[in-house]
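Q: Please take a close look with me at one part of this model, the surface near the DNA. I would enjoy one connected answer that then moves outward to the rest of the protein.

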There are 2 protein chains.
Amino acid sequence: MVLSEAIENYLKAIYQLCHERGRATTTALADWLEVAPASVSGMLKKLSSDRPKLVQYTRHRGVSLTPAGEKIALEVIRHHRLIEMYLHQALGYSWDQVHDEAEKLEHVISEEFEDRIAEKLGHPEFDPHGDPIPTKNGELPKLSCSCLSTMSKGQTGRVRRVRNSDPALLRYLAELGIVPDATLTVSERAPFGGPLHVQVGAEPGAAAHALGRPVTDQVFVEVDGTAVDE
Amino acid sequence: MVLSEAIENYLKAIYQLCHERGRATTTALADWLEVAPASVSGMLKKLSSDRPKLVQYTRHRGVSLTPAGEKIALEVIRHHRLIEMYLHQALGYSWDQVHDEAEKLEHVISEEFEDRIAEKLGHPEFDPHGDPIPTKNGELPKLSCSCLSTMSKGQTGRVRRVRNSDPALLRYLAELGIVPDATLTVSERAPFGGPLHVQVGAEPGAAAHALGRPVTDQVFVEVDGTAVDE
DNA sequence: ATTATTATTTAGTCTTACCTAAATCAACAA
DNA sequence: TTGTTGATTTAGGTAAGACTAAATAATAAT
C-alpha cells in the first residue's frame with residue numbers, strides 16, 4: 001500500500017494531536033497542517049471511507065486512528081525521528097536544523113535506508129529533542145517526565161525532552177543550556193502563571209533565567225529520580 | 001523558484017538525452033520517463049511558455065535546455081550522484097542499490113544537506129558508477145574514456161564508467177569483476193556485432209567472458225593511457 | 001508523387017488535494 | 001425555547017500532471 005505524502009501527514013497529525021491534546025478535531029488539524037478546515041473535512045471523509053480504513057471518523061465528532069492507521073503514523077514518526085538523529089549525529093546538524101529536513105525526507109526513504117541509519121546509530125531510543133523513536137513494531141520507549149511548568153520552587157530535575165520544533169525557540173533554549181540531560185533547578189515561581197525562574201547546571205549559585213508559560217509548557221523534566229506523568 | 005518533482009525529472013531527462021544521444025524527442029522522453037507521449041507534449045508546451053524559460057521547444061522539432069534549465073538539471077544531477085556516493089560510502093549500499101533511493105532523495109534534500117555530504121565525502125568527482133558529479137557551479141569533471149564496444153582485440157584498458165542503472169545488470173557486471181578501476185583485456189571480437197570476449201584483471205591467463213552489445217555499449221574504458229571519446 | 005508508417009500534437013477526461021463561500025450543526029446563554 | 005456563535009460540512013472550483021482517442025505532421029517506401 002503506497003500512500004501520498006499528504007495522507008501520511010494527516011495520519012501523523014492525527015496521531016500527535018490525539019496524544020498531545022487528547023483528541024483531533026477538524027480545526028485543530030487544519031491549524032496544524034496549515035490547510036483550510038474544509039480541506040480537512042474532505043480528506044477525513046475520504047480516509048474513513050477508503051479501505052483499508054485508516055481512521056475512525058464521524059462528522060462533527062473528531063477523528064482517531066484505527067490500528068492500521070496508527071501503524072502507519074508510527075512508521076512515519078519513526079522515520080522522522082531516526083532521520084533527525086542521523087542528521088544530528090552523522091552530519092553535524094544542530095537540533096534546530098533537523099526538523100525541516102526530516103519533514104521532507106521521512107516520506108521518501110526506503111525500509112533499507114531506515115534500517116541502515118538505525119544500525120549506524122546503534123538503534124537509538126530518542127531523537128535530539130528527546131522524543132521517543134518508535135521501534136519497528138510500533139512500540140514507544142517509555143519516557144517518564146513531567147512538564148517543566150508543573151514543577152514547584154526548589155525542585156531539581158534533568159531535562160528529558162523539548163517538544164517543539166521551532167528553530168528560534170530551540171536556539172534560544174540551547175543558548176540557555178536547556179537541552180536534553182541538562183540539570184535544572186526551579187529557583188522561583190511567580191504566581192498566576194507568571195514566569196518560572198530556573199537555574200541551569202549543578203552549581204548552586206548559577207544565574208536564573210525567567211521562562212514564560214509558552215516555553216515551560218514545552219520542556220519536560222525528570223524530577224530528581226522520582227517521576228510521574230507521560 | 002521552487003520546481004515540482006515532475007519538472008525536475010523532465011529537465012534531467014532532457015539533459016541526459018541530449019548528452020547521450022544528441023537530441024531529446026517527445027517519444028524518447030516519454031520512454032525515459034515512462035509516461036505517455038501526449039503527456040510529454042503538454043509538459044514541454046508548458047515549460048517553454050513559462051518564465052523563466054527553462055527549455056527551448058518547437059513543435060515537432062524536439063527540445064533542448066536553456067542555460068537556466070541546464071543549471072537546474074545539473075543541480076539535480078549533482079544531488080543524485082552525490083547521494084549515490086554517500087549511500088555507497090557512508091551507508092554501505094552496493095552500487096546496484098543506490099540509484100532508486102537517490103532518485104527519490106534528489107528532489108527533497110536541502111542545500112545544507114548537499115554541502116554536508118559533499119564535505120563528508122571529500123568532494124568526490126565521480127559516483128559509484130563512475131558518472132561525473134557536477135560541481136556547485138555546474139562544471140563536469142572531465143572523463144576521458146571510450147565505449148567498450150569500440151575496443152579491438154588485444155586492447156587493454158581500465159573501467160571508468162558504467163552508464164546504466166539497472167540493478168540486475170549492475171549485479172551481473174559486479175559478479176564478473178567489471179566495476180570502475182578494473183582492468184579489462186579484449187581477447188576476442190566476433191564480427192557483425194557479435195559478442196566481445198574480455199578478460200578481467202591483470203593476469204594473462206584469466207578466463208574470458210562473452211559480452212553482448214547491450215552490455216558493452218554501457219561500459220566505458222580508458223584504454224592503456226591513451227584515451228579518446230567523451 | 002503518392003501512400004504507408006511513425007512521431008507528435010490536440011482535445012477532452014480523470015484524480016489528488018487544495019481553495020472560497022455558503023449552509024448546517026452543536027453548544028451554550030438568554 | 002430561541003438565538004447566537006463557533007465549528008464543521010457541503011457545494012462548486014482550480015491547478016498539476018497524468019491518461020486515451022483522434023487528428024495531424026514528418027518520414028520513408030513504393
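**The surface near the DNA**

A: Let's start with DNA strand D: at least two residues of the surface near it come from each of α2 (26-33) and α3 (37-49) of chain A, and from each of α1 (5-21) and α3 (37-49) of chain B. Helices (H or I, at least four residues) and strands (E, at least two) are DSSP runs, numbered from the N terminus. Please keep in mind that this is a predicted model, in which local features need pLDDT of at least 70 and side-chain atom pairs count only at pLDDT 80 or more, while totals for chains, interfaces and linings use all residues. Residues are numbered from 1 along each chain as its sequence is written, chains are lettered from A and ligands numbered from 1 in the order in which they are written, and side-chain values use heavy atoms, with hydrogens and water left out.

The surroundings of DNA strand D comprise 20 residues, the closest being Thr27(A), Ser41(A), Tyr57(A), Ser4(B) and Ser39(B); a residue is near a strand if one of its heavy atoms lies within 4 Å of it. Of the atoms of DNA strand D that come within 4 Å of the protein, 76% belong to sugar and phosphate. The residues of this surface split into 9 nonpolar, 8 polar and 3 charged (Ala, Val, Leu, Ile, Met, Phe, Trp, Tyr, Cys and Pro count as nonpolar, Asp, Glu, Lys and Arg as charged, and the others, Gly among them, as polar).

Chain B makes several polar contacts here, that is, pairs of N or O atoms within 3.5 Å; within protein, one must be able to donate a hydrogen and the other to accept it, and residues adjacent in sequence count only if both atoms are side-chain atoms. Ser4(B) brings a polar side-chain atom to 2.5 Å from a phosphate oxygen of DNA strand D. For Ser39(B), the distance from a polar side-chain atom to a phosphate oxygen of that strand is 2.5 Å, and for Tyr10(B) it is 3.5 Å.

Now turn to DNA strand C. Among the 20 residues around it, Ser4(A), Ala36(A), Ser39(A), Thr27(B) and Tyr57(B) come nearest. Sugar and phosphate again make up 76% of the atoms of DNA strand C that come within 4 Å of the protein. Ser4(A) has a polar side-chain atom 2.3 Å from a phosphate oxygen of DNA strand C, whereas Ala36(A) uses a backbone N or O atom, 2.7 Å from a phosphate oxygen. From the other chain, an N or O atom in the side chain of Tyr57(B) is 2.2 Å from a phosphate oxygen of DNA strand C. Two or more residues of this surface come from each of α1 (5-21) and α3 of chain A, and α2 (26-33) and α3 of chain B. By class, the surface near DNA strand C holds 9 nonpolar, 8 polar and 3 charged residues.

How do the two chains relate? A turn of 180 degrees with a shift of 0.1 Å along the axis lays chain A on chain B with an RMSD of 0.1 Å (least squares on the C-alpha atoms of residues with pLDDT of at least 70 in both). That is how a two-fold axis relates its copies. Within chain A, Leu105(A) has the C-alpha nearest the axis, at 3.6 Å. The copies meet through the same surface, because 100% of the interface residues of chain A are also interface residues in chain B; contact here means heavy atoms within 4.5 Å.

Some backbone details sit around these helices. In the loop between α2 and α3 of chain A is Glu34(A), a residue other than glycine with a positive phi near 55 degrees. Glu34(A) is exposed, at 74% relative accessibility (buried is under 20% relative accessible area, exposed over 50%, partly exposed in between; 1.4 Å probe, protein chains only). After α3 of chain A, Pro52(A) lies in the loop that leads to β1 (55-57), and the peptide bond from Arg51(A) to Pro52(A) is cis, with omega near 0 degrees. In chain B, Arg51(B) and Pro52(B) are likewise joined by a cis peptide bond, with omega about 0 degrees. Further on, His60(A) belongs to the loop between β1 and β2 (63-65) of chain A; its phi is positive, about 70 degrees, although it is not a glycine, and at 82% relative accessibility it is exposed.
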